[in-house]
Amino acid sequence: MKAFQYATALTPANARELAGDRGCYIAGGNDLLGLMKEYIAEPDLLVNIKSLPGLNRITPGAERWILGANVKVAEIEAHPGLKQKFPALTEAAAEVGSPQIRNVATLGGNLAQHSRCWYFRQRDVFCLKKGGDTCFARNGENKYHSLFTGNTCISPVVSNLAVALGALEATVVVQREDELARWSIDELYAKAWDNPTAHHSLASNDLILQVEIPVAERRSSYLQTSEKSQFDWALASCAASAKIIGGKLAAARVVLGAVSPVPYQVKAVGKLLEGRELSAGLAEEAADLLLKKATPLEHNAYKVPLAKALVQRTLMKLGA
Ligand SMILES: Cc1cc2nc3c(=O)[nH]c(=O)nc-3n(C[C@H](O)[C@H](O)[C@H](O)COP(=O)(O)OP(=O)(O)OC[C@H]3O[C@@H](n4cnc5c(N)ncnc54)[C@H](O)[C@@H]3O)c2cc1C
Ligand code: SF4
């Protein structure tokens, strides 16, 4: 690990000023410290953002709930109000890593975490994501990679919370220079769809302040499949949300994780489900439509039936 300086920020403005061009925010450190040990991230200054006031609170509200960026994944998992209002989010949190990781990992860090592609994580490999000219996974070991991508990097988004928050139509509030930007989850990751070097749309000293979840009386659910039951990322994950009015679905959203650089959705799926009664047949139709444009690689075709089964089960769980 390269030597670095360390400073604690006391306000968001102070954090951005300290980070400057060569600094980097550190929250729980689960992702960042791993990158630093491999010399993949080499900040001159680590800016501790855990003391920023007010960012460690979960605030209920009649119209929206506000979750500060420094709220721990374990706090989300265990919060009774969140469990009742937004089960997709608490279910997604419960699947993150292991209890030790969830006790340290923060919401902001989970959303901003970097690629887990094994080529990217290897210090001596200079792939497209690091500014090189080759994606080694495309014709190499691509078992864990994307089924959909808008660019030449096939590394998928691995944040569980992003998938659930996408289904819940959350807004991410980001301090960018002197402005407060309000982004949908789609916007938070849009750059990773187009640009092989990006993990998300955040610039180097953009600071996530909070996430807001609208209270829409929706049901929601989340499921994932991993190789191991603990201490592992999803091979594929799915979050769904919908209102059920008179037995019919309304405003449904279905989002897939670990299959694309962004939490993956297809607008036509919402249209297909609108006003229909939930049934196994309808859930299968939705799954087929969502996976229609999948382009599997040599080693990840198994993700297509896996993701279809997850979509069907996640949707059926909404009606349970
Ligand atoms: C074995 C293992 C298994 C895991 N399994 C899963 C899993 O199944 N699902 C899953 O979702 N994750 C998984 N993770 C990843 C883990 O959840 C993330 O590393 C963690 O959530 C990152 O949060 P942190 O607070 O530790 O972030 P840090 O490591 O502190 O930061 C991560 C990145 O986010 C940036 N950052 C942090 N906070 C902010 C902010 N407020 N604004 C802007 N940028 C910010 C940092 O600069 C850094 O670039 C796993 C990790 C391990 C080690
Ligand atoms: S998938 Fe992306 S991160 Fe992995 S080797 Fe290819 S360019 Fe690099």
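Me: What makes α7 stand out in the shell around ligand 1?
Reply: α7 gives the most to that shell, with four residues. A residue is in the shell if its C-beta atom, placed from the backbone, lies within 6 Å of the molecule. α7 is a helix in the DSSP sense (H or I runs of at least four residues, with strands being E runs of at least two, numbered from the N terminus). This is a predicted model, where local features need pLDDT of at least 70, side-chain atom pairs count only at pLDDT 80 or more, and totals for chains, interfaces and linings use all residues. Residues are numbered from 1 along each chain as its sequence is written, while chains are lettered from A and ligands numbered from 1 in the order in which they are written.

Me: Which residues come nearest to ligand 1?
Reply: Gly 28, Ala 105, Gly 108, Gly 109 and Ala 112, out of 34 around it. Elements giving two or more residues to the shell include β2 (23–26) and β8 (207–214).

Me: What makes Leu 89 a core residue?
Reply: Leu 89 is among those with the most contacts inside the largest nonpolar core, which has 88 residues. Such a core is a set of buried Ala, Val, Leu, Ile, Met, Phe, Trp, Tyr and Cys residues joined through C-beta atoms within 7 Å; buried means 20 or more other C-beta atoms within 10 Å, exposed 12 or fewer, partly exposed in between.

Me: Why does this core lie between the domains?
Reply: Domain 1 (1–52) and domain 2 (58–113 + 154–318) both give residues to this core, so it lies between them. Those bounds come from an automatic or database domain assignment.
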